[in-house]
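Here's a quick briefing to read alongside the structure. Have the viewer open as you go through the bullets.

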Amino acid sequence: MSIEAISWLDDLRKLVGAGKVSVDSESRAARAHDFWLLDFQRRLHGQAPTLPACVVKAEKDSDVEAVLKFAQARGIAVVPFGAGSGVVGGVRPGAGAIVLDLSAMKRLVEINEIALTATVQAGMLGKDFECALNCAGYSMGHFPQSMNLSSVGGWVATRASGQFSSKYGSIEDMLVCLTGYLADGTRLATRNVPRSSTGPSVNELVLGSEGTLAVVTDVTYKIHPLPEKQTSIAYQFADFAVGLEAVRKIMRAGIKPALVRLYDAVETKRHFADVAQRGTCVLLLLSEGLARLADLEIFECAKICKQAGAVDLGPGPVHHWLEKRFQIPNLSELAESKGVVFDTIEVAANWDRIHNVYNDAIAGLNKIPGIVNASAHSSHSYAQGTCLYFTFAVKKPKWWTRQAMCLLGVEGLFSAGDDLPYIEQVYNGCWKAVSEAALKNQGTISHHHGVGKVRLPWIERELGSSYAVLAAVKRALDPSGILNPGTFFKGEETR
Ligand SMILES: Cc1cc2nc3c(=O)[nH]c(=O)nc-3n(C[C@H](O)[C@H](O)[C@H](O)COP(=O)(O)OP(=O)(O)OC[C@H]3O[C@@H](n4cnc5c(N)ncnc54)[C@H](O)[C@@H]3O)c2cc1C
């Protein structure tokens, strides 16, 4: 659709102020996607993304309210945009959509040192929020790898989880209350109390709703005094199963180290080849808080690891990880120069099923022609189970022809031809292998990245009757389906 053909743009400019409405291609292209790696490959191979009709940069709550009321009256789609670091295609507007950019709403509203809460506008970047807290002597304890790229409101919308979740919890454990707007512009505000039994939680409804039920404008999170001490240690295990068993025992004992991260043999070789023996698996442990408690936690973890025959590698591997933990791999380098199709997929299951999830997913990935990496680490653990974070990488084999595929008996899986159809099929094949492994073993297809577009094929199977409940809530709160259509809820087209 050409911009000139959009009749409502002038009215929108009058409503919120012309300066907040961008229609230039550069602004629209910058807000037309997130970090979803399939979209990245499409752009790399010359497929331009659909640009939204415009981007509105909200500066205050009343801008969000006005845009929603305006869009609701005209049936225009609205796609909330935090910082664009989502990895599942949650931000992928259609040609007629308004992208509602919240990045200018980034004020720290209050740090309440008595109640240990901090209130912040939704668009502030995670690193800026944590930095402001640190200056006042506090931390939120939420450290996603995308700390420098993601917004504090996006964390709620995607139900995020950080690297220190075993001590501080994931975002649902940290959120105290929020303010936002429903599709028709109605203000939504939940209450700032430590807990309440007055009915189901509206916070829970908004958590993970990926911009489809409400636009979040500010959030109040729990905060913690800065830790007195950090203590860390790494162990080398004979194999992944033995390491997972030690992690299970640590969590079962009620010990709460902030970091509990176990790499399989492939990832151990990639990250710790200089300290760990080939074929072994490295576990990273870090405790923080009151000095004596942090030391005691590591002491108790060490006992469990030693009983499992693990080798003490000292704190070095943890320090090495801490230095690199917010680094982002150079995607263009990997995709362009090395011609690799890659992504990460995080799933979770209970301890009695997790080994099967791992084995089935790795076996499924290894069947994909051209696979050059199929690996995982356990990144977030609980007394009940753990999250497995898989990484796959596929490189088009040199022998790639339709005849070769026929000989291998995999003709139906991929079509030969241009790179992009090959990439799409190989990419979707990897997602299918891991998601099916999770579902087959009663796990969840997503631990912390959400659904977006990429997980739509499995969403009904995962949620069962809950999906119908959520779809009914969506129909009730957004009957015209203007909020982020095509994300999370099936059967809606982006528009
Ligand atoms: C290198 C890398 C590492 C990552 N590591 C982690 C990690 O460790 N843990 C983790 O949980 N995630 C991680 N992610 C994923 C991503 O950072 C999170 O999903 C993050 O929470 C998204 O925040 P955002 O502000 O960038 O959201 P966006 O990408 O802008 O949006 C994501 C979704 O939320 C909606 N949305 C955004 N803001 C709002 C709002 N204010 N109101 C309503 N809806 C909104 C959007 O419409 C979209 O559907 C990583 C991503 C990358 C690229």
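**Ligand contacts**

A polar backbone atom of P80 sits 2.6 Å from an oxygen atom of the ligand, which fits the cut-off for a polar contact (a pair of N or O atoms within 3.5 Å; within protein, one must be able to donate a hydrogen and the other to accept it, and residues adjacent in sequence count only if both atoms are side-chain atoms). Keep in mind that this is a predicted model, where local features need pLDDT of at least 70, side-chain atom pairs count only at pLDDT 80 or more, and totals for chains, interfaces and linings use all residues. Residues are numbered from 1 along each chain as its sequence is written, and side-chain values use heavy atoms, with hydrogens and water left out.

- The ligand is surrounded by 34 residues (each with a heavy atom within 4 Å of it), and the closest are P80, S85, G86, S146 and S151.
- For S85, an N or O atom in the side chain is 2.6 Å from an oxygen atom of the ligand.
- S146 has a polar side-chain atom 2.6 Å from an oxygen atom of the ligand.

**α10 and its two partners**

- Helix α10 (residues 240–252) packs with helix α15 (residues 351–366) at about 155°, their axes 11 Å apart (axes are lines fitted to C-alpha atoms over the stretch in contact, and angles run from 0 to 180 degrees between N-to-C directions).
- That angle is why α10 and α15 count as roughly antiparallel (over 145 degrees).
- The crossing of α10 and α15 is right-handed (the near helix is turned clockwise from the far one by less than a right angle).
- On the α10 side the contact (heavy atoms within 4.5 Å) uses F240, A241, L244, V247 and R248, and on the α15 side W351, I354, H355 and Y358.
- By class, the α10 and α15 contact residues are seven nonpolar (Ala, Val, Leu, Ile, Met, Phe, Trp, Tyr, Cys and Pro), one charged (Asp, Glu, Lys and Arg) and one polar (the others, Gly among them).
- Helix α12 (residues 291–307) crosses α10 at roughly 145°, and the two axes come within 9 Å.
- α10 passes α12 in a right-handed crossing.
- Here A246, K249 and I250 of α10 meet C301, I304 and C305 of α12.
- The contact of α10 with α12 has five nonpolar residues, one charged and no polar.

**α3 against α17**

- Helix α3 (residues 37–44) and helix α17 (residues 419–440) pack at about 170°, with axes 10 Å apart.
- α3 and α17 are therefore roughly antiparallel.

How values were computed: Helix = DSSP H or I, 4+ residues; strand = E, 2+ residues; numbered from the N terminus. Parallel < 35°, antiparallel > 145°, perpendicular 65-115°, else oblique.
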